[in-house]
Amino acid sequence: MAKSLDELLDEVESKLRRPDPLSLGKIERPRGCGGGILSDDWNRAQAKGNLRSTETFKKEDDLDSLINEIFEEPNFDKKPFKLKSKSSGNTSVRASIQGLGKSCSPVYVGGSTAPCGIGTTTSQRACDHLRCIACDFWVVSYDDYMWDKSCDYLFFRNNMPEFHKLKTRLVKKKGTRAYACQCSWRSIEELTDLQTDHQLRWICGKH
């Protein structure tokens, strides 16, 4: 009876005994290749971990690429702007460009009735951009005025180009135009070529 009870207890104990999960699937590896005892489950877990790491790095690389694309400056094609204007506007602009930098030839001075502009042999106009190469002053002119006979070099030397000072020696005379720089002055009534007045050092300062 005691023997049968012992056998029954051994049988129950053997049935209730569970295998150690850590001992399942153990394989022996040569120590020269890393050595030790590793389980198949651990290998699978390690492989899955490596795969997840690879996927994580790939996602991070894709995210970095996306961020770089967002912050990159867009490469827009720069095209020059073309301004459109009316034909009348084009004509006036073209005329002003053509007239820019032109000089009178010959150079004329004239009374207040003479038109001002670029003087030529066919279009006789009084130059309104005169410059003196002796004193390096622009020549001023006043329509319907003449210079008083008391004017002298010191007067213009001290008062040019202040009109409120110069007007003290200006006399009203219709049809006359008063010209002056810092060293010379003239009262002109008729259209005159400057080449005929050898004392003046006035030239066209270009229009």
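A polar contact here is a pair of N or O atoms within 3.5 Å, where one atom must be able to donate a hydrogen and the other to accept it. Keep that in mind for the first stop, and remember throughout that you are looking at a predicted model.

**Stop 1: a pair of histidines**

Select His 207, in the segment after strand 9, a strand that covers 202–204. Now add His 129 to your selection: the side chains of these two histidines are joined by a polar contact of 3.3 Å. Is His 207 buried or exposed? His 207 counts as buried, because its relative accessibility is 18% and the cut-off for buried is under 20%.

**Stop 2: the cysteines**

Next, pick out Cys 127 and Cys 104 and show their sulfur atoms. How far is the sulfur of Cys 127 from the closest cysteine sulfur? The distance to the sulfur of Cys 104 is 3.8 Å, which is too far for a bond, because a disulfide needs two cysteine sulfurs within 2.5 Å. Cys 127 is a buried residue, with 3% relative accessibility.

Then move to Cys 132 and Cys 135. The sulfur of Cys 135 is the nearest one to Cys 132, at 3.6 Å, and Cys 132 is in no disulfide. Cys 132 is buried too, with a relative accessible area of 1%. The disulfide count for the model comes to zero.

**Stop 3: a sheet of three strands**

Switch to a cartoon view and colour strands 5, 6 and 7. They make up an open sheet, in the order 5-6-7, with antiparallel pairing. Which strands sit at the edges? Strand 5 (140–147) and strand 7 (185–188) do, each pairing on one side only. On average, neighbouring strands in this sheet are turned by 35° against each other, ignoring direction.

Zoom in on strand 6, residues 170–180, and its neighbour strand 7: four bridges join the two, and they run antiparallel. Together they form a hairpin, with four residues between the strands. To find your way along the hairpin, select Ala 180, whose bridge partner in strand 7 is Trp 185. Another marker is Arg 177, which stands opposite Ile 188 of strand 7. If you are wondering what holds such strands side by side, strands of a sheet pair through backbone hydrogen bonds.

**Stop 4: Ala 178**

Stay in strand 6 and select Ala 178. How accessible is Ala 178? Its relative accessibility is 0%, so Ala 178 counts as buried. Show the residues around Ala 178 and leave out those up to four places away in sequence: Ala 178 touches Val 140, Ser 141, Tyr 142, Tyr 145, Met 146, Trp 147, Leu 170 and Arg 186. While you are here, check Asp 143 as well. The C-alpha atoms of Ala 178 and Asp 143 are separated by 6.6 Å, although the two residues are 35 residues apart along the chain.

**Stop 5: salt bridges**

Side chains of opposite charge can pair when their charged atoms come close. The structure holds four salt bridges, and the tour visits some of them.

Begin with Arg 177 and Asp 143, which form a salt bridge with their closest N and O atoms 2.6 Å apart. Arg 177 is in strand 6 and Asp 143 in strand 5, so this pair ties together parts that are 34 residues apart in sequence. Which burial class does each partner fall into? Arg 177 is buried, at 2% relative accessibility, whereas Asp 143 is partly exposed, with a relative accessible area of 40%.

Now select Lys 173 and Glu 189. Their salt bridge has its closest N and O atoms 2.6 Å apart. Lys 173 belongs to strand 6, while Glu 189 lies in the loop between strand 7 and strand 8 (192–193), so the pair ties together parts 16 residues apart in sequence. Lys 173 is partly exposed, with a relative accessible area of 34%, and Glu 189 is partly exposed with 41%.

Finish with Arg 186 and Asp 197, whose side chains meet in a salt bridge of 2.9 Å, N to O. This pair links distant parts of the chain, 11 residues apart: Arg 186 sits in strand 7 and Asp 197 in the loop between strand 8 and strand 9. Arg 186 counts as partly exposed, at 23% relative accessibility, and so does Asp 197, at 21%. You have already met Arg 186 at the previous stop, among the residues that Ala 178 touches.

Methods: Residues are numbered from 1 along each chain as its sequence is written. This is a predicted model: local features need pLDDT of at least 70, side-chain atom pairs count only at pLDDT 80 or more; totals for chains, interfaces and linings use all residues. Side-chain values use heavy atoms; hydrogens and water are left out. Two strands pair if DSSP finds at least two bridges between them. Axes are lines fitted to C-alpha atoms, for helices over the stretch in contact, and angles run from 0 to 180 degrees between N-to-C directions. Buried means under 20% relative accessible area, exposed over 50%, partly exposed in between (1.4 Å probe, protein chains only). Contact means heavy atoms within 4.5 Å.
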